[in-house]
Amino acid sequence: MYDYFLGGCHNFAADRAAAEQILGLMPDTGVAAQTNRAFLRRAVRYAAERGVRQFLDIGAGLPTQGNVHEVVRPIAPDARVVYVDNDEVAVAYARRLLPTDGRTVVAHGDLRRPDELLADPVVRANLDLTRPVAVLLIAVLHFVPDGDDPFAAVARLRDATVPGSMLALSHLTMDGAPALPAQQGKQLYQRTSAPIVPRPHAATTRFFDGYDLVEPGLTWLADWRPDGEPQSGVSHGYGGVGIRR
């Protein structure tokens with residue numbers, strides 16, 4: 001669905017049908033998805049320009065528009081990018097689509113089981129956890145219910161990285177959204193394979209425990225360090241980057 005919202009071609013009929021239903025309820029969802037992707041690009045550039053050369057993109061899904069390795073390469077050609085997803089179909093598809101350059105790899109893993117994810121042979125072979133890593137959790141945490149303790153999972157990822165590592169995340173919220181369309185959209189997602197859990201600002205900020213938030217902090221996605229790229233101002237989500245203490 002996300003790829004469809006971005007105007008990509010790596011999506012399926014069921015994705016397109018569900019996405020069209022969401023657009024019927026919240027017509028600006030496609031623009032919000034593009035705003036989220038623009039935030040990813042800015043966050044990745046920020047990390048690369050400050051010397052980070054390892055990127056762990058968890059919940060990457062199907063390769064779509066403006067992938068992490070495409071953003072990183074002009075800044076740091078030697079950087080390593082590890083994409084992780086818990087959908088075996090998405091992983092298999094990504095392995096076919098992504099470059100075989102030895103610095104861009106895909107692993108099967110689940111954010112809810114961080115120890116298994118970090119122990120995966122592909123992850124271990126391509127990331128040196130004694131050096132800074134940028135952990136990217138872009139539009140994925142709102143698919144993890146509180147019962148699966150996403151806060152503990154993010155803390156485990158934090159503890160596995162060294163000081164100077166970064167966390168970049170974006171998270172869906174219903175703060176400020178019209179109540180009825182928001183509720184209808186949430187109910188529609190509940191019928192998909194990936195129900196959503198929007199969180200308010202205070203709860204989303206908790207994911208940055210142990211990190212120093214980069215200015216301007218946890219903000220609407222369109223407001224995080226805008227760089228002249230066209231911005232719609234439509235976010236439906238918060239975004240931020242933290243540096244591990």
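Is Asp-227 buried, partly exposed or exposed, and what is its relative accessible area? In this predicted model, local features need pLDDT of at least 70 and side-chain atom pairs count only at pLDDT 80 or more, while totals for chains, interfaces and linings use all residues. Residues are numbered from 1 along each chain as its sequence is written, and side-chain values use heavy atoms, with hydrogens and water left out.

Asp-227 turns out to be partly exposed, at a relative accessible area of 40%. Here, buried stands for under 20% relative accessible area, exposed for over 50%, and partly exposed for the range in between, with a 1.4 Å probe and protein chains only. Asp-227 forms a salt bridge with Arg-45, and the closest N and O atoms of the pair are 2.5 Å apart. This contact links distant parts of the chain: Asp-227 sits in the loop between strand S7 (219-220) and strand S8 (237-244), whereas Arg-45 belongs to helix H3 (residues 29-49), 182 residues apart. Helices (H or I, at least four residues) and strands (E, at least two) are DSSP runs numbered from the N terminus. Arg-45 is also partly exposed, with 23% relative accessibility.

The whole structure contains 13 salt bridges, each defined as a side-chain nitrogen of Lys or Arg within 4 Å of a carboxyl oxygen of Asp or Glu. One of them joins Arg-112 and Asp-110, with 2.7 Å from N to O. Arg-112 is partly exposed at 38%, while Asp-110 is buried at 8% relative accessibility. Both residues take part in a network of salt bridges that links Asp-110, Arg-112, Arg-113, Glu-116 and Asp-148. Another salt bridge brings together the side chains of Arg-158 and Asp-159, at 3.0 Å from N to O. In this pair Arg-158 is buried, with a relative accessible area of 17%, and Asp-159 is partly exposed at 44%.

Attention now turns to strand S4. Strand S4 (residues 134-138) is mostly covered, five of its five residues being buried. Ala-134, Leu-136 and Ile-138 point one way from the strand, and Val-135 and Leu-137 point the other way. S4 runs parallel to strand S1 (residues 54-58), to which three bridges join it, and strands are taken to pair if DSSP finds at least two bridges between them. Five bridges join S4 to strand S5 (residues 166-172), again in parallel. In S5, Leu-169 is the bridge partner of Leu-137. From S4 the chain crosses through helix H8 (residues 150-160) to S5 in a right-handed β-α-β crossover; right-handed says that, with the strands pointing away from the viewer, the path from the first strand over the helix to the second runs clockwise.

Within S4, Val-135 is buried at 3% relative accessibility. The bridge partner of Leu-56 in S4 is Val-135, and the C-alpha atoms of Val-135 and Asp-57 are separated by 6.1 Å, although these residues lie 78 residues apart along the chain.

Val-135 and Leu-56 also help to line the second largest cavity, together with Leu-118, Leu-129, Val-133, Leu-157, Ala-160 and Thr-161. On a 1 Å grid over the protein atoms alone, a cavity is a set of points where a 1.4 Å probe fits but cannot get out, and lining residues have an atom within 4 Å of a point. The second largest cavity has a volume of about 40 Å³, a volume being the space filled by probe spheres set on the grid points, which are joined across faces, edges and corners.

Terms used:
1 Å grid on protein atoms, 1.4 Å probe; cavity = no way out; pocket = protein on both sides within 12 Å on 5 of 7 lines; lining within 4 Å.
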